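Dear colleague,

I am handing over the structure below, and after it I describe what was found there. Please keep it open beside this message while you read.

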Amino acid sequence: MGGGTDFSDFFNHHEGKVISTTINKYMYVCLKESYKEIFLKYSKYENQKHYKFIKHPIVKETLKYYNLNDVDIGSFCDIPSGTGLGSSSAFTLSLISTIQKLRGKSLNRKIICNLASEIEIDKVKSNIGYQDQYACCYGGLNEIIFNKKKIQVNKIEINKTILSNFNDHLFLLDTNITRDASKILNYQQKTSKQNIPILLEILKLCDEFSISLKSSKFKQCGLLLNENWKIKKSLSKKVSNQNLNQIYEDLIKNGVYGAKILGAGAGGFFLCIADPDKIKNIITKFKKFKVLKFKFDNQGSKLISF
């Protein structure tokens, strides 16, 4: 909730805010020193003598920052990229963390978040906001506030029973469409000034959502999710399309309180809020789509040593 207000074009003039949480779907990055050269394994394979020849933009800029060669890097994840769940930022954070550990340097969360944002936004020139880096790194249910001077992560204090009940109301529906978020957000960035009134409307929903959540008014949370999706679609014609609109309408017709596409839009996952007793029945009516149940995760980015 609040996506779009985490872009510097907005929060340099108006305070931005998002409500986000991390879930038990992970990105894994493994790194070790190699005998010579760089060995890189992701959805493709690269073997290069120097980081300047690497095609993967995030890896190239990160190794350049550290002036690091002769490493073996592998990655794999629970959810594919291009689905709006922040996998690119999770990858960047993980890569930085492993290099920091290799170099014997501090794993301070603020330092890692700042560097991940710098690499993705300033170096790679990805047209993305700042929320994913901080959400992934800190973990848990948070209110993240953005302004020109600093980015602040505030844990949302909420009764554990309420949070567990809320989790039971949620599921993800895969639209079977992957997309390049940067291309979609590039258009939004070009029209950022005229979108400010729209983003201010999205911003207002954050506090309403937080109040409804803490009061166990989960149906109201769903209605606010609907409102967010309707407003978000007005940011750009690229955010949605006829197929996505039909999926959304079918979800609502079949009992979902509220739904919205996560991330930039144009594909990926619909986050859905519904009565837990009806979710199983709802899922059976969407057999051609993969539906994902998940649990909240509070740990954030962490190192696993072997």
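A good place to begin is Y26, which is partly exposed, with a relative accessible area of 32%. Y28 likewise counts as partly exposed, at 29% relative accessibility, because both values fall between the 20% under which a residue is called buried and the 50% over which it is called exposed. Please bear in mind throughout that this is a predicted model.

These two tyrosines, Y26 and Y28, form an aromatic pair that is edge-to-face, with 6.2 Å from centre to centre and 65 degrees between the planes. A second pair, made by F166 and F296, is tilted, the centres being 6.3 Å apart and the planes 35 degrees from each other. F166 belongs to helix 6 (residues 160–168) and F296 to strand 13 (residues 296–297), so this pair ties together parts that are 130 residues apart in sequence. Are F166 and F296 buried or exposed? Both F166 and F296 are buried. Together with F209, F218 and F294, these two phenylalanines form one aromatic cluster, and the structure holds 13 aromatic pairs.

F166 also leads to the nonpolar interior, since the largest nonpolar core has 72 residues, and L63, I73 and F166 are those with the most contacts inside it. Helix 8 (residues 192–214) gives the most to this core, namely 9 residues. If neighbours within four places in sequence are left aside, F166 is in contact with F209, L213, F218, C221, I273 and F296. Another core, of 18 residues, lies apart from the largest one, and V239, L251, V256 and F289 are among its members. In soluble globular proteins, nonpolar side chains tend to be buried together.

Turning to the strands, you will find an open sheet of 4 strands in the order 3-6-4-5, with mixed pairing. Its edge strands are strand 3 (27–33) and strand 5 (45–48), each of which pairs on one side only, and the twist averages 10 degrees from one strand to the next. Strand 4 (residues 38–41) and strand 5 run antiparallel and are joined by 4 bridges, and L40 stands opposite E46 in strand 5. Helix 3 (residues 87–102) lies across strand 3 and strand 6 (71–77), running at about 30 degrees to strand 3.

Finally, two charged side chains are placed over rings: the charged end of R109 sits over the ring of Y138, 5.9 Å from its centre, while that of K233 sits over the ring of Y248, 5.8 Å from its centre.

With best wishes

Definitions and conventions: Residues are numbered from 1 along each chain as its sequence is written. This is a predicted model: local features need pLDDT of at least 70, side-chain atom pairs count only at pLDDT 80 or more; totals for chains, interfaces and linings use all residues. Side-chain values use heavy atoms; hydrogens and water are left out. A nonpolar core is a set of buried Ala, Val, Leu, Ile, Met, Phe, Trp, Tyr and Cys residues joined through side-chain atoms within 4.5 Å. Buried means under 20% relative accessible area, exposed over 50%, partly exposed in between (1.4 Å probe, protein chains only). Helices (H or I, at least four residues) and strands (E, at least two) are DSSP runs, numbered from the N terminus. Contact means heavy atoms within 4.5 Å. Two strands pair if DSSP finds at least two bridges between them. Axes are lines fitted to C-alpha atoms, for helices over the stretch in contact, and angles run from 0 to 180 degrees between N-to-C directions. Rings of Phe, Tyr and Trp (its six-membered ring) pair if their centres lie within 6.5 Å; planes under 30 degrees apart count as stacked, over 60 as edge-to-face and the rest as tilted. A charge sits over a ring if NZ of Lys or CZ of Arg is within 6 Å of the ring centre and within 35 degrees of the ring normal.
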